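Me: Can you walk me through this structure and explain the labels people put on its parts? I'm new to this, so please spell out the cut-offs.

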Amino acid sequence: MEQYFPFQWHITEQCDQRCEHCYIFSGRSGSVITEMPFKDIRTILNNCLDFCGKFDRIPYFYLTGGDPILHKDFWKVLELLQTKEIDFSILGNPFHLTRDVCEKLNRYGCKKYQLSLDGLKTTHDRIRKPGSFDATLEKIPLINEAGMTSVIMTTVSGTNIHEVPGIIDLAVKYKVDVFAFARYCPTSLEKNIRISPEEYRTLLETCWKKFETYKYGETVFSLKDHLWTLFLYEKGLFTIPSELREGIIYDGCNCGISHITIQPDGGVSACRRLESPVGKD
Ligand SMILES: C[S@@+](CC[C@H](N)C(=O)[O-])C[C@H]1O[C@@H](n2cnc3c(N)ncnc32)[C@H](O)[C@@H]1O
């Protein structure tokens, strides 16, 4: 059976926020914002389709930014994907979502819309921008009611690790379809906001208990971080098949193996969170 090959595609750097941890604006001076022109989007899309054809994979796109909706030709990009019957989701901001926009996104075939929650109100608004927390919570029902899957993603660092359990409670309260978190990869924030392995292990334990409490609710908890596998292995809930096959990786990060990132300047990397260039154009 053919499997998906996901592309994380940063079509623009335009964004209403300048999050203090963001890899896009880390260490940058000046205000040059890169946006991929529509003609390049069309060419790259065809390249991706060729690639998937060659490797017998079904293409899947995560359109992102910045905020992808701010791309000058955003709706033309969606039309292109719809015409070619390609599955896609969006990782974006809450600010330009209205009921009409959400319904339009759904009509164009957007499956999931992911928003970020990086803390409770004070922390989130400090990291992102004032008003961002309330805007995010307000848009969850619009995404759900339009028929898309709502996703909340938390980027965990030493600044917000203690608020993750509270964010999980909020995700459940607001009937988020999927909740996940991932670790901050040091770029612009102070390096001293790192999390010790023991502290992170404790977070996984706390979250696991919360997930158990909420397991009959509407929110699905995605075990996105591959350290979950190690945690489950320790608990005896993940076992490595007894007949180990040489050359098979049983878990870990899939970046560069079954997932790549395309940047607005056409650069391709294994992962956007760390220097991992694969090529360009
Ligand atoms: C670049 S943003 C684009 C979508 C949208 N603007 C948002 O903020 O969710 C996509 C995701 O990357 C995460 N991110 C940005 N910089 C990061 C870093 N240095 N380490 C880990 N995740 C990071 C964000 O927190 C967000 O969850």
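**Labels and the numbers behind them**

Reply: Let's start with Asp73, which is found in the loop between β2 (57–64) and α2 (74–83). Helices (H or I, at least four residues) and strands (E, at least two) are DSSP runs, numbered from the N terminus. Keep in mind that this is a predicted model: local features need pLDDT of at least 70, side-chain atom pairs count only at pLDDT 80 or more, and totals for chains, interfaces and linings use all residues. Residues are numbered from 1 along each chain as its sequence is written.

Me: Why is Asp73 called partly exposed?

Reply: A residue is buried if 20 or more other C-beta atoms (placed from the backbone) lie within 10 Å of its own, exposed if 12 or fewer, and partly exposed in between. Asp73 has 17 other C-beta atoms within 10 Å, so it lands in the middle class. Its C-alpha is also 8.3 Å from that of Pro37, although the two are 36 residues apart in sequence.

Me: What makes Asp56 exposed?

Reply: Asp56 has 10 C-beta neighbours inside 10 Å, so it counts as exposed. You'll find Asp56 in the loop between α1 (38–54) and β2. Its phi is near 55°, a positive value in a residue other than glycine.

Me: And which class does Lys175 fall into?

Reply: Lys175 has 13 C-beta neighbours inside 10 Å, so partly exposed is the label. Lys175 sits in the loop between α6 (164–173) and β6 (178–183), and its phi is positive too, about 55°, although it is not a glycine.

Me: Why is the chain called as compact as a globular protein of its length?

Reply: The chain has eight helices and ten strands. Its radius of gyration is 19 Å, close to the 19 Å that the globule rule gives for 281 residues, so the label fits. That radius is taken over C-alpha atoms, and the rule is 2.2 Å times the number of residues to the power 0.38.

Me: How do you know that β2 pairs with β3?

Reply: Two strands pair if DSSP finds at least two bridges between them. β2 and β3 have four bridges, in the parallel sense, and one of the bridge partners is Phe88 in β3, matched with Phe61. Strand β1 (residues 3–10) also pairs with β2 in the parallel sense, over eight bridges.

Me: What makes β7 and β10 edge strands?

Reply: The open sheet of ten strands runs β7-β6-β5-β4-β3-β2-β1-β8-β9-β10, with mixed pairing. β7 (220–221) and β10 (277–280) each have a single partner strand, so one side of each is left without a neighbour in the sheet.

Me: Why is β3 described as mostly covered?

Reply: Four of the five residues in strand β3 (residues 87–91) are buried.

Me: What makes a set of residues a nonpolar core?

Reply: The set must be buried Ala, Val, Leu, Ile, Met, Phe, Trp, Tyr and Cys residues joined through C-beta atoms within 7 Å. The largest one here has 48 residues, and Met148 is among those that touch the most other members. Helix α5 (residues 132–145) gives this core its largest share, five residues. In soluble globular proteins, nonpolar side chains tend to be buried together.

Me: Which peptide bond is cis?

Reply: The one joining Gly65 and Gly66, where omega is about 25°. Gly66 lies in the loop between β2 and α2.
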